[in-house]
Amino acid sequence: MQEGQELNIGAVRDSFRESLANARTLQDLDELRVKFTSKKGELTLLLRSLGKLPQDQRKTAGQELNTLRDEIESQLEQTSKKIRDSQNEQQEINEKIDVTLPEKGRSVGAFHPVIQTMHEIANIMQGLGYSVATGPEKEEEFYNFECLNVPSWHPARDMQDTFYFQDGTLLRTHTSPVQVRSMLKYGAPLRIICPGKVYRRDNDTTHSPMFNQMEGLLIDKNVPFSVMKGTMSEMLNAFFGRSLRYRFRASYFPFTEPSMELDIECVECSGHDEHCRVCHGTGWLEVVGMGMVHPNVIRAGKIDPEVYNGFAFGIGLDRMAMLKYGISDLRLLFDGNVSYFLSGFEEAK
Ligand code: PHE
């Protein structure tokens, strides 16, 4: 019995040491703990059988078993600590952030070409002393038409052209209502621009029911016609980055007298291509409507037209953007193709 018992302790010790040497994970250690120290564990069974030993052998066997139990417990504890330490170390290595690494590429957005055009022209005009004014898109008939010398019988007030609300207000058909709004707000002298959305009942390949304009207004004493010409050519040359030929054509707007339209030489063919898709062979592009402000409009702005005069202009921003950035179809500006627009237009044309 004694001999068998001794052998048995040695076998359990060997078996524990071998299993421990093969343990790699905390789960392996748990299994070892169960195998040796649980209620039915090998060590527990040995401890239980101590009582069956003859009296004289119990002491040595008991000591041996205690030593084995201490070994098992301390080895399990140490190995588990080692495994946990190395797991933590590994985790630290995995999660370490190397702040010296170069950043990953980011995709950077860009302004919509119409907004970019708006900013560019606004910058140029601010350089000429103009401030930015604003007005509502849902406008009163009074500001959109009445005070701009557009009488009630005028075809521009037709339901066919204008979006009316049931309460008689409307979506402004141009940025010109900001002229009288600004005169009433700031008085004279005055230099303002007003970029913004305008609406008309138009929808085909070259017209959109919503488009963008920039209004300009200068009111001062003795403003000569030549200042309007000079201002327009300055603005256009700065915007297109070169000196373009331009021409004024007599035109009609109820709120300016005389009225003109400004054409610039075709930015695509300069008038050399009779099949040009941009100017259709005319060599000219119409970009601005303008004129000397009608005395009735100045009066509506509560400024004395005997003392003050001035000029106003309206630029089609969508048209300008298309010309500068070589965008051939107006609808591209409004259909929200993000990847097309996020590519940016700085380099274009
Ligand atoms: N409001 C005019 C239009 O929309 C443009 C314009 C503005 C003309 C100012 C003259 C003066 O066509």
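**Close-up views of the ligand shell and helix α5**

**View 1. The shell around the ligand.** The strand β9 supplies three residues, the largest share of the shell around the ligand, in what is a predicted model, where local features need pLDDT of at least 70, side-chain atom pairs count only at pLDDT 80 or more, and totals for chains, interfaces and linings use all residues. Residues are numbered from 1 along each chain as its sequence is written, and side-chain values use heavy atoms, with hydrogens and water left out. The ligand is surrounded by 14 residues, of which the closest are His174, Ser176, Arg200, Gln213 and Gly314, a residue being counted if one of its heavy atoms lies within 4 Å.

**View 2. Polar contacts of the ligand.** In these contacts (pairs of N or O atoms within 3.5 Å), a nitrogen atom of the ligand lies 3.0 Å from a side-chain N or O atom of His174, and a ligand nitrogen is 2.9 Å from such an atom of Ser176. An oxygen atom of the ligand, in turn, is 2.9 Å from a polar side-chain atom of Arg200. The protein buries 90% of the 320 Å² that the ligand exposes when taken alone (Shrake-Rupley method, 1.4 Å probe).

**View 3. Helix α5.** Spanning residues 113-127, helix α5 (a DSSP run of H or I, at least four residues) reaches 21 Å from its first C-alpha to its last, close to the 21 Å expected at 1.5 Å a residue, that expectation being 1.5 Å times one less than the number of residues. Just after α5, Gly129 adopts a positive phi of about 95 degrees.

Definitions and conventions
Helices (H or I, at least four residues) and strands (E, at least two) are DSSP runs, numbered from the N terminus. A polar contact is a pair of N or O atoms within 3.5 Å; within protein, one must be able to donate a hydrogen and the other to accept it, and residues adjacent in sequence count only if both atoms are side-chain atoms.
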